[in-house]
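Hello,

Here is the structure I promised to pass on. Please have a look at it first, and then read my notes underneath.

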Amino acid sequence: MNIKLSDKSLNEFKQFRRYLHENPELSFKEFNTTSLLKERLSKTNFEILDIDSEVGIIAHLFKDQSFKTVAIRADIDALPIQEMTDLEFKSKKDGLMHACGHDIHTTILLGFCEEINKLYKNLKINLVVIFQPAEEIMGGAKLILKELKRNNIKLDEIICYHTWPFIESGTIGYRSNEMMAGAMEFNVEIKASGGHAAHPHTTADPIFLSSNIINYFQGIVSRLNNPVKPLVITVGKISGGTKSNVISSNAEFSGTIRSFSKEMFDNVKEYMEQYISQLCKIYDADYEIEFGSFCPPVNNDRNTVSRFTKSNKHLNLIELDDPSMGSEDFAFYLEKIPGALFRIGTHDQELSGSNLSLHNPGITFSEDSIETGIIGLLNYALSYEKN
């Protein structure tokens, strides 16, 4: 089926996206976004299911009990980032921005819902669409999985998109198996009695020890990890001290671990704890180390990728050479349901900022990706035949 979207529909979808971009909402606070989506979905054949949350939506388009049930998910939350673009529709909310393209994801899925509603008679699957809150804090997928179970929705397959500024708009990137890394956050605090900067021998120095430990973390990557297996340890936040001539009584830093290997996460935790405990013992300092919850890697199902790519031969598809060390809580779905994450290209050479990395305050996203994304989902959904 040669699917085309009308100029009128495309313009409406772009206007909807721009409204979302102007009005971003943080994780588990997506009240307005949820309300808008429910209003639009209420005009379709999708049934909005009852969930134990004021934010987020699970909607069901039922066809036949004998058909497979396939889900498509979009995340709807924004980030605590001050937007630094020149867009006419830049964020109106101070310190909040859709810097990861979730407004694009949401618009694509809503557009798909409204377009597939027109093609209801052609469907040979039962559809579930998920507008998921709180991806950025790794909490939304767990909520949705719980609510799917409570509503007795059993899925045979699930897919999603994620924007990607490193491929051109109008392109969809795919990979089988490893797509995105697993992630775990950590926080370390070093404690001592504190003292005068002129007498460093009288107290442990938490800032000195912290710098030593952070240096060692990079040694884990370069000397304790098998170099053919990707590992990233990044310290993204550090604080300590109040005055130049005072040895602080504490210093605190936090960061993230990224890998595709669950075993490597266990090893890194052990390396960190051993080194910190032994170093602090030598200098007579105290410490606390905490690890956040583990988000598994995104491992795409080969059959799902094959189905999607075969159904979209007329689109510009590109097989990605490398996985990303970024993480996504879509991984929690893939632990239980076969599926795949696909990259939707958002770079446009004529659009300033569209080649910047995700989470950058100056990033922009080509809106041409909206049409590509919707058509890709329509082709995929309509590719299913009766069981």
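Below are some notes on the nonpolar cores and the salt bridges.

This is a predicted model, where local features need pLDDT of at least 70, side-chain atom pairs count only at pLDDT 80 or more, and totals for chains, interfaces and linings use all residues. Residues are numbered from 1 along each chain as its sequence is written, and side-chain values use heavy atoms, leaving out hydrogens and water.

Let's start inside. The largest nonpolar core (buried Ala, Val, Leu, Ile, Met, Phe, Trp, Tyr and Cys residues joined through side-chain atoms within 4.5 Å) has 83 residues, and Phe112, Phe131 and Phe342 are among those with the most contacts inside it. Its largest share, eight residues, comes from helix α9 (residues 368–382); helices here are DSSP runs of H or I with at least four residues, strands are runs of E with at least two, and both are numbered from the N terminus. Apart from this core lies another, of 24 residues, including Leu209 and Phe253.

Now the charges. There are 16 salt bridges, each a side-chain nitrogen of Lys or Arg within 4 Å of a carboxyl oxygen of Asp or Glu. In one of them, glutamate 328 pairs with arginine 73, with the closest N and O atoms 3.0 Å apart. Both residues are buried, meaning under 20% relative accessible area, with exposed over 50% and partly exposed in between (1.4 Å probe, protein chains only). Lysine 8 also forms a salt bridge with glutamate 12; lysine 8 is exposed, at 60%.

Enjoy exploring!
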